[in-house]
Amino acid sequence: MSRPLEDITILDCTWILSGPYASMVLSDLGADVIKVERPPWGDISRTTGPYQNGWSGYFFSVNRGKRSVVIDLRTEEGKELFRRLAERVDVVMENFTPGTMEKLGLDYATLSARNPRLIYASTSGFGQTGPYRDRPALDIIVQGMGGVMSITGEPGGPPIRPGVSYGDVAAGLYTAIGILAALHERERSGKGQYIDVSMLDCQISVLENAFMRYFVTGKPPEPLGTRHPAATPFQAFATRDGHIVVALGFGEENQWALLCGILGLPELIDDERFNTSPKRTKLHSELEPILARAFAQRTTAEWLEDMLAAGIPCGPVNTIPQAAEDPQVAARGMLQDVTHPVAGTIRIANTPLKMSRSESGIKGPPPSFGEHTRDVLEEFLGMTDEEVAELEERGIIATKGGPDLSVILD
């Protein structure tokens, strides 16, 4: 099967996580992602642990299937090489502080004048406009400013950062969505366009429920642990050997009666304090201790067997090792072994996209530093081996034949 984006070429100047995550999504869908790295070290994530055989697992996981070209964009010749490449690609991506690419003369206005069909996506902490435009931002900063940390954790506790880099990942996903939308629109108009993605904007967008609740009730949302603000029981409970999550309140109301029967609490079925989800939510502080004592009597597996048989939405609270061994995860091919000639084999998360007529998934290992510089310059610009060698000798570019700069260990 062919891949849906195999005719799309992306010149990717992104680094660390938000931008590389976006280009990873597009690479898994078939796009030829040419990762432009700076000499002498490349993407800083190459130096981020943990390591395997001197290779960063962090870099490995989000840069799989891409090509690496090393160009010194501080030099005029390097900038011109980039401009010439931009004439021949579909998309340029970058996630520097706003104004950086403009100072280099590699901004959308400059490049689109040479390639009117170019789609140019900029991902930044706060976007290209607004009073915070020039501020640097990393994941935890936008998580803090967007509000998610204020509603994560246990009631009365301090702000907690979720265990995933949602600031980066959400921005990466929205960047990929924006690029796909622009590619589709270009089929009608024949023109490219500029995409401005703010990490903070993305945090506000994914917190739609929290903001809606605030504006409807006038009350600031607070951390609830694992509990849901509008449905009960919709949370995690400790069992004899672990934890289980149950999710009632958005399905059939008879699920409450079934749950009470399984828990050995038939007296709660007709208890007027708890016979609807809104009542249970209002009186959750009275209900939770009763349910918690019941759940603690048996193992997670025992509860799951009975509850799933009764059609009650539930599941185990898995550790990462347990999730990695889950048969559903295996059946969907969500963890894949990827082998690099130096790093060796690392198992990483696959794309969740499954398509009926098109292939999607990890195309191959991540690139070594400058591994494809020579190939790309020859393929796109028709440069000879002698021209490439001369540029490398002068430090304008670097190729795989140069020093091993894959990672800098402590």
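This passage walks through the sheet, the helices against it and the cysteines of a predicted model.

Start with the sheet. Seven strands make up an open sheet with mixed pairing, and reading across gives the order β8-β7-β6-β1-β2-β5-β14. The edges fall to β8 (194–198) and β14 (397–398), each of which pairs on one side only. Helix α7, spanning residues 166–189, packs on this sheet and touches β6 (91–94), β7 (119–124) and β8. The direction of α7 makes about 165° with that of β7. Another helix, α8 (residues 199–206), lies across β7 and β8 and runs at about 70° to β8.

Elsewhere in the sheet, β2 (residues 32–37) and β5 (residues 67–71) pair up in the parallel sense, with four bridges between them. As for individual residues in that pairing, Ile-34 has Arg-67 in β5 as its bridge partner. Strands in a sheet pair through backbone hydrogen bonds, and the pairing can be parallel or antiparallel.

Now for the cysteines. The disulfide count is zero. Why does Cys-202 go without a bond? The closest cysteine sulfur to that of Cys-202 belongs to Cys-13 and sits 20 Å away, so the gap is too far for a bond; a disulfide would need the two sulfur atoms within 2.5 Å. Cys-202 also counts as buried, because its relative accessibility is 5%. For Cys-314, the closest cysteine sulfur is in Cys-260 at 15 Å, and that too is too far for a bond.

Definitions and conventions:
Residues numbered from 1 in each chain as written. Predicted model: local features only at pLDDT ≥ 70, side-chain atom pairs only at ≥ 80, totals over all residues. Heavy atoms only, no water. Buried < 20%, exposed > 50% of the residue type's maximum accessible area, 1.4 Å probe, protein only. Pairing = 2+ DSSP bridges. Helix = DSSP H or I, 4+ residues; strand = E, 2+ residues; numbered from the N terminus. Contact = heavy atoms within 4.5 Å. Axes fitted to C-alpha atoms, helices over the stretch in contact; angles between N-to-C directions.
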